[in-house]
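Got a minute to look around a new structure? Let's start on the inside and work our way out.

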Amino acid sequence: PTFVKSLVESISPEWYDDLIIVNDGDPVHGLDDYEVIQNKTNLGVCKSKNIALRRLLSGGNDYIFLIEDDMLIKGNVFEKYIRAYKKTNIHHFTFAYHGDYNKNNGKPNPLNVIDYGDIKISLNRHSVGAFAFFTKESILKTGLFDEKYSDFGNAVDHVDHSYRLALNGYSTPYWWWADIYESW
C-alpha cells in the first residue's frame, strides 16, 4: 500500500487525463479521488495489466502508460515519451533502468543513443516492464498480454508482449529496446 500511495502522489494531476489503479494486493486506503479496481484475489501482474489496458482502451486513450507500484515519477516524463513517439514513430518504449538490467556498475549502460535533435532515444539490451509506454494503435493491433504467462511469475509476459509489438513494427527489434535517453 505504501508503494501505491507514493507512486500516485508522484504523478501530478495535470500530467494525465485518466489515471486508474488496478490493485492486486491488499486494499489501499486514502485513494478515494482515483478510480481503483480492486482484484478480489491476487491475479498477478500480467492479468492486472490486461485489466488496466482494457479499461484505458475503453476510455479512448491514445497513449497508455503502465506503471508498476515500485516506481516514482520525477517530472512530466509522459510528455517526453509522447514527443519521442511522434518524432520516431516508435509506439512502445520501456523504462530500461529498473533493477540491474541495462546497467554497468549501477550506472545506465545503453547499447546506443540515437539523436533526433530535440529528443534522444537510448537502445538497451533488456526489455524491462515496470514503466511502459504504448499507443492505442499498437495495443489494438498486437493485442493484450498473453495470460498464459501468469503462471510463470513477473517479467516473461512483458518480454513476450514487447517482442510481439516489435514483430508488428511498433517497437525496436529484439535486444534493442527503446527508452527515452536519460529516463533515469
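Below is a short walk through the cores, one threonine and a surface patch.

This is a predicted model, so local features need pLDDT of at least 70 and side-chain atom pairs count only at pLDDT 80 or more, while totals for chains, interfaces and linings use all residues. Residues are numbered from 1 along each chain as its sequence is written, and side-chain values use heavy atoms, leaving out hydrogens and water.

Start with the largest nonpolar core, which has 30 residues. A nonpolar core here is a set of buried Ala, Val, Leu, Ile, Met, Phe, Trp, Tyr and Cys residues joined through side-chain atoms within 4.5 Å, and buried means under 20% relative accessible area, with exposed over 50% and partly exposed in between (1.4 Å probe, protein chains only). Among the members that touch the most others are Phe-65, Ile-73, Tyr-81 and Phe-93. Helix α3 gives the most to this core, with 6 residues; helices and strands are DSSP runs (H or I, at least four residues; E, at least two), numbered from the N terminus. Apart from this core lies another one of 14 residues, including Ile-20 and Phe-134.

Now find Thr-88, in α3 (residues 77–88). Thr-88 counts as buried because its relative accessibility is 16%. Leaving aside neighbours within four places in sequence, Thr-88 is in contact (heavy atoms within 4.5 Å) with Phe-93, Tyr-116 and Ile-121.

Finally, head outside to Trp-175, in the loop between α5 (156–167) and β10 (177–180). Trp-175 is partly exposed, at 39% relative accessible area.
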